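Reader: Before I accept any label put on a model, I like to see the value set against the criterion behind it. Could you show me the chain and then take my questions one at a time?

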Amino acid sequence: MRPDGGYVITIRAVDAAGKLDAGYANPGPLPFYSAEATRDGAQTRLFFELRAGGYSGSTYRLTYDAAADRLIGVYYQAVARQSYDVQFERAK
């Protein structure tokens, strides 16, 4: 969950190629156009793209911070053409 607004990414599974079975809520559900995970050395990077609900072309580029158990990175809001630093914390 993004603590600055309650946006939620739910990751249900990842396949061997890095494709994620994931969903997004803002607060209602929106499908990801693409969702994938990659490894860069010891880091896990995640990329999500939205193309629905007025978010066409908006993306999240996140890195998993294992020590803090959170995702951190940048949200690009395509309509406004602005980028924001974001983080997602695991819902308890």
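Reader: How do you know which secondary-structure elements the protein chain has?

Author: In this predicted model, the protein chain has eight strands and zero helices, and its pattern along the sequence reads β-β-β-β-β-β-β-β.

Reader: What makes β5 and β6 a pair of strands?

Author: Two strands pair if DSSP finds at least two bridges between them; six bridges join β5 (residues 43-50) to β6 (residues 58-65), and these strands run antiparallel, so the criterion is met. Within this pairing, Leu46 stands opposite Leu62 in β6.

Reader: How do you know that β6 also pairs with β7, and what lies between the two?

Author: Seven bridges join β6 to β7 (residues 70-77), again in an antiparallel arrangement, and since the rule asks for at least two bridges, these strands therefore count as paired. Arg61 has Val74 in β7 as its bridge partner. The two strands form a hairpin with four residues between them, and Asp69 in the turn has a positive phi of about 50°.

Reader: Why is the radius of gyration said to agree with a compact globule?

Author: For 92 residues the globule rule gives a radius near 12 Å, and the protein chain has 13 Å, which is why the two are said to agree. The C-alpha trace spans about 35 × 25 × 25 Å along its principal axes.

Reader: What share of the residues is called buried, and by which cut-off?

Author: Buried means under 20% relative accessible area, and buried residues make up 32% of the 92 residues in the protein chain. The chain exposes about 5800 Å², of which carbon and sulfur atoms supply 52%.

Definitions and conventions:
Residues numbered from 1 in each chain as written. Predicted model: local features only at pLDDT ≥ 70, side-chain atom pairs only at ≥ 80, totals over all residues. Heavy atoms only, no water. Rg over C-alpha atoms; globule rule 2.2 N^0.38 Å. Buried < 20%, exposed > 50% of the residue type's maximum accessible area, 1.4 Å probe, protein only. Areas by Shrake-Rupley, 256 points an atom, 1.4 Å probe, with all protein chains shown as cover.
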